[in-house]
Amino acid sequence: MDQAITATISGYSPRVALVLVLAAWALPAAARPATESAVRPVGIVEQPCPAPVTPAGDSKANDQKDWQERLLDPDAGREFEPPPDLNAANAAHTAEEERLHYDWASLCRYRAENAALRRSSTPRVVFMGDSITEFWKIAHPEFFGEGYVDRGVSGQTTGQMLVRFRQDVIALKPTVVHILAGTNDFAGNAGPTTLEAIRNNIASMVDLAIANDIRVVLGSVPPAGAFPWRATVLEPAQHIVEMNEWLRRFAREKNLIYVDYHEPLADERDAMKQTFSNDGVHPNRDGYSVMEPLARRAIEQALTASAESAAKAPPSKPSKSKH
């Protein structure tokens, strides 16, 4: 959720400006300052991903961890933020613009981890998503035990996820993929869009998974009544409800496992219940605690279906030897 910092940030209320600042601090480690743009390689290269840079000092990393902890802490409520720092916001915006120019889909984000994982083991389940998926592992690392791999990237839309789907899901050869996507499309992180465009991106990810014998768990879009970093997006709740109705029908048609996170997290206005989120968009730890048994149940159904399908498959014929 980190792509909305703009040059007009000072025109927002302190509360909204603060969320913009803090969301921008959650940028991937591969984000680079604009001063490097003149020396960055372009075109076809052997190594497109630069080595991560450790910031001078630990203050920024500590600030990011502090913000994430306040975002996830159920006791923090809606008053978890410190005063906004507009200088930090401008610096983060510059770094994010640079990253979007050189790595729009964040293909560099998990490339090294994917390579290490392919050498060591094959995950049973890959979680593909945005910051709601990324922060899930931060909130409850124990949930991502053996066999569960988190591939969430903060701020991403379904189009960006589709671009990295082959690298971050298919290449890992999981049994199941858990897709939780769409929040940032509704927030307009990549500009204006349509429900049809979001549906097409999700359908394409599903098609890729099915073509590669990966079972799909399709998550509903979590509720949101507003986006603190995008105050101009009005009344997204009903669009999210409409999308979830389509996701349910689509899952039924494609024989996917659909998991409804919206209903238990939503209030009477179809926004996120305040007890489950400190900013109205991202679940806090209590919110993730509601989601986890639903996710486990859906994943177990998908794993069982995969095992039954494998058991019914006819044995492969031995190749004929040539004499």
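**Entry 1: helix α5**

I began at the start of α5, where a side-chain oxygen of Asp130 comes to within 3.0 Å of the backbone nitrogen of Ile132. I note here that the model is predicted. Next I looked up how covered this helix is. α5 runs over residues 131-139, and seven of its nine residues are buried. I wrote down their names: Ser131, Ile132, Thr133, Glu134, Phe135, Trp136 and Ala139. So Ile132, the partner of Asp130 at the helix start, is itself among the buried residues, since buried means under 20% relative accessible area.

**Entry 2: the whole chain**

I stepped back to the overall picture. How many helices and strands does the protein chain have? I found 11 helices and five strands. The chain has 323 residues, and 49% of them count as buried. I then looked at the surface. The chain exposes about 15900 Å², with 53% of that supplied by carbon and sulfur atoms. Last, I checked contacts between residues at least 6 apart in sequence. Of these, 77% join residues at least 24 apart.

**Entry 3: His178**

I went to strand β3, residues 176-180, and picked out His178. Is His178 buried or exposed? His178 has a relative accessible area of 0%, so it is buried. I then looked for a polar partner. The side chain of His178 makes a polar contact of 2.7 Å with the side chain of Tyr261. I also listed the contacts of His178, leaving aside neighbours within four places in sequence. They are Val125, Val126, Phe127, Met128, Trp136, Val217, Val259, Tyr261 and Ala295. Trp136 links back to my first entry, as one of the buried residues of α5. Tyr261 is on the contact list and is also the polar partner.

**Entry 4: two positive phi angles**

I looked up two residues with positive phi that are not glycine. Ser106 came up with phi near 60°. Ser106 sits in the loop between α3 (86-102) and α4 (111-120). Its relative accessible area is 1%, so Ser106 is buried.

Glu235 was my other case, with a positive phi of about 50°. I found Glu235 in the loop between β4 and α9 (236-254). Why does Glu235 count as exposed? Glu235 has a relative accessible area of 69%, and exposed means over 50%. My two cases read as follows: Ser106 is buried, whereas Glu235 is exposed.

**Entry 5: the second largest pocket**

I turned to the second largest pocket. Its volume is about 250 Å³. I counted 14 residues in its lining. Which of them lie nearest the centre? They are Ile210, Asp213, Ile214, Arg215 and Ser309. I then asked which elements contribute. β4 (215-219) and α11 (285-312) each supply at least two lining residues. α11 gives the most, with five residues. By class, I noted eight nonpolar, three polar and three charged residues in the lining.

**Entry 6: residues that meet across the sequence**

I started with Pro74, in the loop between α2 (59-72) and α3. Pro74 is partly exposed, at 29% relative accessibility. What lies 203 residues away in sequence but 7.5 Å away in space, C-alpha to C-alpha? It is Ser277. Beyond its sequence neighbours within four places, Pro74 is in contact with Asn284, Arg285 and Asp286. I note that α11 covers 285-312, so Arg285 and Asp286 fall in that helix by the run that defines it.

Next came Val163, in helix α6, residues 158-168. Val163 is partly exposed, at 45% relative accessibility. Val163 and Asn201 are 38 residues apart in sequence, yet their C-alpha atoms are 9.5 Å apart. Not counting residues up to four places away, Val163 touches Trp104, Ala105 and Leu107.

I finished with Thr122, in the loop between α4 and β1 (125-129). Is Thr122 buried or exposed? Thr122 is exposed, at 53% relative accessibility. Gly147 is 25 residues from Thr122 along the chain, and their C-alpha atoms are separated by 7.6 Å. Leaving aside neighbours within four places in sequence, I found Thr122 in contact with Leu172 and Lys173.

How values were computed. Residues are numbered from 1 along each chain as its sequence is written. This is a predicted model: local features need pLDDT of at least 70, side-chain atom pairs count only at pLDDT 80 or more; totals for chains, interfaces and linings use all residues. Side-chain values use heavy atoms; hydrogens and water are left out. Helices (H or I, at least four residues) and strands (E, at least two) are DSSP runs, numbered from the N terminus. Buried means under 20% relative accessible area, exposed over 50%, partly exposed in between (1.4 Å probe, protein chains only). Contact means heavy atoms within 4.5 Å. Accessible areas come from the Shrake-Rupley method with a 1.4 Å probe; for residues, only the protein chains shown count as cover. On a 1 Å grid over the protein atoms alone, a cavity is a set of points where a 1.4 Å probe fits but cannot get out, and a pocket is an open set with protein on both sides within 12 Å along at least five of seven lines; lining residues have an atom within 4 Å of a point. Grid points are joined across faces, edges and corners, and a volume is the space filled by probe spheres set on the points. Ala, Val, Leu, Ile, Met, Phe, Trp, Tyr, Cys and Pro count as nonpolar, Asp, Glu, Lys and Arg as charged, and the others, Gly among them, as polar. A polar contact is a pair of N or O atoms within 3.5 Å; within protein, one must be able to donate a hydrogen and the other to accept it, and residues adjacent in sequence count only if both atoms are side-chain atoms.
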